[in-house]
Amino acid sequence: MTDPSDDRLELSADEMRALGRQVVDLLVDHFTSLQGQPVGRRAARADLEPMLGGPVPEDPSDPGAVIAPLKEQLFANMLHVDHPRFFAFVPGPNNFVSVMGEALAAGFNVFTGTWFAGSGPAQIELTVIDWLRQICGLPNGAGGLFVSGGSMANLTGLAVGRQEKLGDDVADAVAYIGDQCHSSVARALRVLGIKPENIRAVGSDADFRLSMDSLKSALAEDRAAGRRPFCVVANAGTTNTGAVDPLPQIAEFCRSENLWFHIDGAYGAPAILAEKGKALLGGLELADSLSLDPHKWLFQSFEAGCVLVRDRAALLRTFQVMPEYLRDTEGVSDEINFGNYGVQLTRSFRALKLWLSLRVFGLASFRNAIARGIEIAEVAQRELERTDGWEIVTPARLAVVTFRFAPPSLSESEVDFLQGGMVEAMLKDGYALATSTVLAGRPALRLCTINPRTTDEEIVETVRWMTEIGNRLATS
Ligand SMILES: Cc1ncc(COP(=O)(O)O)c(C=O)c1O
């Protein structure tokens, strides 16, 4: 160990290499052994505090000794969202190249706020943003930036919409968001100063897609009352059921009513790379702003969100502020200062991991991985349909299938109660994990199958295992 009196916070070259090897070994063990492990566990505070709490350490320790117990004490006490049998919420099936990209970005401590400080990194970010623009079909002239995730992407896109449609006056502004929108959309609108009573949760049709009739009548009512409608938020894949809103019709409506059209594609937009997804996602290219979340279905480590805006200059009009201490960073006009395109000035280099992953695996592998996710949900649906006790609530679409365990011996309210109980029981057992949601007022279980490493055998076994849990709880 380096001399503890050394206040330069340095390790020797050998110590750095030893620490790096230890970390890489830990990661490679994780990636290669995950399939044989439980999906993880949720520990109690009382168990964690003795291991992971304690006073501020005044004295140095050997780095290897600090890291060694973390596998059991820290990383075992979490849910492995990258596990091939983790079907809860939206999984995070990242890839190892992305992890190494994250390490490089952190190691070189890349600053991506200005071209002056990070011209190479800004060029990589421009390149990846343009790849995503092409994939989603937005025109030349569209731009965007990397942000922390889908929530920040929604906030950023809607901030641009607010600026473009309302200027600085948000009085009586109304936004239409669809009752299946992710919670981050309403939160973003709140942050942007839109009153909660002016955030319209427009109803959905029987397929959980935003209803055009409800949208039209809500807008007519607001116009008649003298309010100021300014945007519609649609989903390219809802978190609940994978539903895609009628994007072309909403785009047309927004154009004729002079409304900003934001699409939340944080979950589903990458499915455009697969044939079945492309068939569902027509109209994605019509967005004024579009949220993507590469840390979901583009297999990146957290955090990697992205927002695309049809008119790149609108980002500047919304966010650009030039203080005197950054005057040296004002370059020629093609030198992009990403710090002027969003909320963050100091920004990590999120584009690198996706750039590296795409370079190493190639887009064709991403297409296949996404197509596989869509297929796994279809396999799950077939298996549920042929097993007694299950009813399908929404069929497999964009790698989400929802269903209920409803044995005929139970009343409706007992069935409702059973779904939540099953999630607890699954977590306790740990073989796999599905979580629940509420659809049309009734609890349902949900599998989200975007991990391309899940096998058909694992899906079949997961359904068998869930059936066993359901039957056990139903008769206890
Ligand atoms: C449709 C949708 N939008 C937005 C978000 C929020 O994204 P993040 O958690 O990356 O902020 C999610 C997260 O699951 C989502 O599914």
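The secondary structure of the protein chain amounts to 16 helices and 11 strands in this predicted model. Along the principal axes, the C-alpha atoms occupy a box of roughly 75 × 65 × 45 Å. The radius of gyration of the protein chain is 24 Å, and this agrees with the value near 23 Å that a compact globule of 476 residues would have.

Two details of the backbone invite a closer look. The peptide bond that joins Phe-302 and Glu-303 is cis, with omega at about 0°. Glu-303 itself belongs to the loop between strand E6 (289-292) and strand E7 (305-309). The other detail concerns Ala-399, which shows a positive phi of about 70° even though this residue is not a glycine. Ala-399, too, is found in a loop, here the one between strand E8 (390-397) and strand E9 (400-405).

Attention can now turn to the ligand. The space that the ligand takes is the second largest pocket. Around the ligand there are 14 residues, of which Gly-150, Ser-151, Asp-264, Asp-293 and His-295 come nearest. Sorted by class, this shell holds 8 polar residues, alongside 3 nonpolar and 3 charged ones. Helix H7, which spans residues 150-166, supplies the largest share of the shell, with 3 residues.

Several side chains place polar atoms beside oxygen atoms of the ligand, among them those of Ser-151, Thr-239 and Lys-296. For Ser-151, one of the residues that come nearest to the ligand, the distance from a polar side-chain atom to a ligand oxygen is 2.6 Å. Thr-239 likewise has a polar side-chain atom 2.9 Å from an oxygen atom of the ligand. In the case of Lys-296, an N or O atom of the side chain is 3.1 Å from an oxygen atom of the ligand. Taken alone, the ligand would expose 390 Å², and the protein buries 84% of that area.

In short, the ligand takes the space of the second largest pocket, with helix H7 giving the largest share of the surrounding shell and with 84% of the area that the ligand exposes alone buried by the protein.

Technical notes
Residues are numbered from 1 along each chain as its sequence is written. This is a predicted model: local features need pLDDT of at least 70, side-chain atom pairs count only at pLDDT 80 or more; totals for chains, interfaces and linings use all residues. Side-chain values use heavy atoms; hydrogens and water are left out. A residue is near a molecule or strand if one of its heavy atoms lies within 4 Å of it. A polar contact is a pair of N or O atoms within 3.5 Å; within protein, one must be able to donate a hydrogen and the other to accept it, and residues adjacent in sequence count only if both atoms are side-chain atoms. Accessible areas come from the Shrake-Rupley method with a 1.4 Å probe; for residues, only the protein chains shown count as cover. On a 1 Å grid over the protein atoms alone, a cavity is a set of points where a 1.4 Å probe fits but cannot get out, and a pocket is an open set with protein on both sides within 12 Å along at least five of seven lines; lining residues have an atom within 4 Å of a point. A molecule sits in a cavity or pocket if more than half of its atoms lie within 2 Å of its grid points. Helices (H or I, at least four residues) and strands (E, at least two) are DSSP runs, numbered from the N terminus. Ala, Val, Leu, Ile, Met, Phe, Trp, Tyr, Cys and Pro count as nonpolar, Asp, Glu, Lys and Arg as charged, and the others, Gly among them, as polar. The radius of gyration is taken over C-alpha atoms; the globule rule is 2.2 Å times the number of residues to the power 0.38.
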